[in-house]
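Biologist: Please take a close look at the paired charged side chains in this model, and take me through them one by one.

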Amino acid sequence: IGSRVRVAKSVIVYHHPEHRNQPFDMQGQEGEVVEILREWQGKPVSANLPYIVKFGSKFKSHFQAAELELIS
């Protein structure tokens, strides 16, 4: 949590605020990991997309570890 990351693979999203309901490729976008989903309501979970990354002030999205690379 708090790490700067870059989307390393092609990931298409449809909920980007500037491209609503249109396909938008997140590859190359940089953001900050704000949460890693490990539990829900006190119970452990195995989420498919556990990393929540914040891009700017308006947009968050979920990713797998393999889709992200750490920015040093």
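Modeller: A salt bridge here is a side-chain nitrogen of Lys or Arg within 4 Å of a carboxyl oxygen of Asp or Glu. The model is a predicted one, and a search of the whole structure finds three such salt bridges.

One of them joins R4 to E30, where the closest N and O atoms are 3.8 Å apart; because the cut-off lies at 4 Å, this pair counts as a salt bridge. The pair brings together distant parts of the chain, since R4 belongs to strand β1 (residues 4-7) and E30 to strand β4 (residues 30-36), with their positions 26 residues apart in sequence. R4 is partly exposed, with a relative accessible area of 40%, and E30 is also partly exposed, its relative accessible area being 38%.

E30 has another partner in R6, and in this salt bridge the closest N and O atoms are 3.0 Å apart. Here too distant parts of the chain are linked, with R6 in strand β1 and E30 in strand β4, 24 residues apart. R6 is partly exposed, at a relative accessible area of 27%.

The side chain of R6 also meets that of E69 in a salt bridge, with an N to O distance of 2.9 Å. This pair again ties distant parts of the chain together, for E69 lies in strand β9 (residues 68-70) and R6 in strand β1, 63 residues apart. E69 is partly exposed as well, with a relative accessible area of 32%. Taken together, R4, R6, E30 and E69 are linked in a network of salt bridges.

A further acidic residue, E67, deserves a place beside this network. E67 sits in the loop between β8 (59-63) and β9. Leaving aside neighbours within four places in sequence, E67 is in contact with R6, V7, A8, K9, V11 and L49. As a general matter, side chains of opposite charge can pair when their charged atoms come close. E67, however, is buried yet has no salt bridge, and the nearest side chain of opposite charge, that of K9, is 7.2 Å away. Because a salt bridge needs the nitrogen and the carboxyl oxygen within 4 Å, the 7.2 Å between E67 and K9 does not qualify.

Methods. Residues are numbered from 1 along each chain as its sequence is written. This is a predicted model: local features need pLDDT of at least 70, side-chain atom pairs count only at pLDDT 80 or more; totals for chains, interfaces and linings use all residues. Side-chain values use heavy atoms; hydrogens and water are left out. Helices (H or I, at least four residues) and strands (E, at least two) are DSSP runs, numbered from the N terminus. Buried means under 20% relative accessible area, exposed over 50%, partly exposed in between (1.4 Å probe, protein chains only). Lys and Arg count as positive and Asp and Glu as negative; His and the chain ends are not counted. Contact means heavy atoms within 4.5 Å.
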